[in-house]
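Reader: I would like a close look at one part of this protein, the open sheet, together with the side chains and charge pairs around it. Please go through it step by step.

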Amino acid sequence: MKFQGSQNYVATQDLMLAVNAAATLTRPLLVKGEPGTGKTMLAEEVAQALDMPLLQWHIKSTTKAQQGLYEYDAVSRLRDSQLSDVDGGERVKNIHNYIVKGVLWQAFTADKPVCLLIDEIDKADIEFPNDLLREIDRMEFYVYETRELIKAKHRPLVFITSNNEKELPDAFLRRCFFHYIKFPEAETMKQIIDVHFPGLKKELLTAAMKTFYDVRNLPGLKKKPSTSELLDWLKLLVAEDIPLEALQSKDDKVAVPPLVGALLKNEQDVTLFEKLVFMQSRNR
């Protein structure tokens with residue numbers, strides 16, 4: 001099975017090649033790119049297009065690699081041992097009752113191949129990727145409490161996303177196929193918008209895209225607006241029925257767009273943009 005895009009996700013040729021290359025090599029696909037460029041959605045759309053179940057593991061700063069494998073709930077076992085009169089202590093005797101299967105365990109033992117998303121791996125501790133090297137490479141891990149080796153029935157199609165908050169170890173990178181999702185060019189962006197807003201008027205689309213790229217290309221922005229923020233902004237423009245004139249300036253100068261809070265997400269960037277508009281107005 002090869003991924004050839006989907007109706008809900010505009011994938012470039014390079015991105016489709018990367019997905020299929022990772023599947024052919026049976027290696028995880030490490031996807032990097034700006035926040036909001038569709039890294040997480042890629043795994044969701046590939047799973048749907050290939051008719052594969054999707055398991056998701058969203059990483060936090062406190063997440064440990066062991067949680068993806070399993071966790072031993074010793075506290076519950078202790079509590080049940082103190083209440084052993086309820087069922088004669090039979091539940092306490094079976095340690096399997098206190099093993100909580102993680103996402104990797106579920107993926108390894110699934111009856112059919114699954115897509116596994118490890119989302120924002122760079123949020124975790126620097127040792128997190130190293131702690132998963134053996135499991136991802138060999139597709140197996142050992143459960144010390146039950147003394148059993150868990151081997152993957154089917155190798156999952158693994159997607160790993162990163163926002164580049166931390167550098168990933170070389171040993172980990174060596175085991176992955178890498179793809180960087182570039183920010184969409186104007187033509188690709190139009191295709192993305194057409195998927196979400198198929199009936200959008202051409203004039204509104206042209207004016208909105210010009211305003212968006214004017215904002216995005218402003219030098220010194222702390223956080224440039226992303227694809228997802230453009231889609232949110234367009235949704236607001238349509239919902240609020242913002243007139244086309246509000247997006248157009250008579251002399252083709254940059255102006256503060258309506259609902260700019262959907263595009264700029266911190267006060268420094270808003271102030272910087274307002275200063276640019278003010279300076280242009282004085283130079284007229």
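Author: What follows starts with the sheet and its edges and then turns to the cysteines, the charge pairs and a surface patch.

This is a predicted model, in which local features need pLDDT of at least 70 and side-chain atom pairs count only at pLDDT 80 or more, while totals for chains, interfaces and linings use all residues. Residues are numbered from 1 along each chain as its sequence is written, and side-chain values use heavy atoms, with hydrogens and water left out.

The sheet is open and has five strands, in the order β2-β5-β8-β1-β9, with parallel pairing. The edges are held by β2 and β9 (177-181), and each has a single partner strand, so one side of each lacks a neighbour in the sheet. From one strand to the next the twist averages 20 degrees. That angle rests on axes, which are lines fitted to C-alpha atoms (for helices over the stretch in contact), with angles running from 0 to 180 degrees between N-to-C directions. Strands here are DSSP runs of E with at least two residues, helices are runs of H or I with at least four residues, and both are numbered from the N terminus. Two strands pair if DSSP finds at least two bridges between them.

At one edge, β2 (residues 54-58) pairs with β5 (residues 115-119) in the parallel sense over five bridges. Within that pairing, L54 has C115 in β5 as its bridge partner. The side chains of β2 alternate: L55 and W57 point to one face and are buried, whereas L54, Q56 and H58 point to the other face and are not. Buried means under 20% relative accessible area, exposed means over 50%, and partly exposed lies in between (1.4 Å probe, protein chains only).

At the other edge, β9 pairs with β1 (residues 29-33), again in the parallel sense and over five bridges. Here G33 stands opposite I181 in β9.

C115, the bridge partner of L54, is buried at 0% relative accessibility. Where is the closest cysteine sulfur to that of C115? It belongs to C176 and lies 15 Å away, which is too far for a bond. A disulfide is a pair of cysteine sulfur atoms within 2.5 Å, and the count comes to zero disulfides. C176 is accordingly in no disulfide, and C176 is also buried, with a relative accessible area of 13%.

R175 sits in the loop between α9 (170-174) and β9. At 16% relative accessibility R175 counts as buried. The C-alpha atoms of R175 and T26 are separated by 9.8 Å, although these residues are 149 residues apart along the chain.

R175 also takes part in a charge pair. Side chains of opposite charge can pair when their charged atoms come close. A salt bridge is a side-chain nitrogen of Lys or Arg within 4 Å of a carboxyl oxygen of Asp or Glu, and nine salt bridges are counted. In one of them, D137 and R175 have their closest N and O atoms 3.4 Å apart. This pair links distant parts of the chain, since D137 is in helix α8 (residues 133-138) and R175 in the loop between α9 and β9, 38 residues apart. D137 is partly exposed, with a relative accessible area of 32%.

Two further salt bridges can be set beside this one. R79 and D80 meet through their side chains at 3.4 Å, N to O. R79 is partly exposed at 45% relative accessible area, while D80 counts as buried at 16%. E229 and K265 also form a salt bridge, with the closest N and O atoms 3.4 Å apart. E229 is in helix α12 (residues 227-239) and K265 in the loop between α12 and α13 (267-282), so the pair links parts of the chain 36 residues apart. E229 counts as buried at 7% relative accessibility, and K265 as partly exposed at 44%. Salt bridges that share partners join K223, E229 and K265 into one network.

Last comes the surface patch. Y142, Y144 and L149 make a nonpolar patch of about 350 Å². Patches are made of residues with over 30% relative accessible area and no salt bridge, with like charges joined within 9 Å and nonpolar side chains (Val, Leu, Ile, Met, Phe, Trp, Tyr) within 5 Å. The areas come from the Shrake-Rupley method with a 1.4 Å probe, and for residues only the protein chains shown count as cover. Y144 lies in the loop between β6 (140-143) and β7 (148-151), and Y144 is exposed, with a relative accessible area of 62%.
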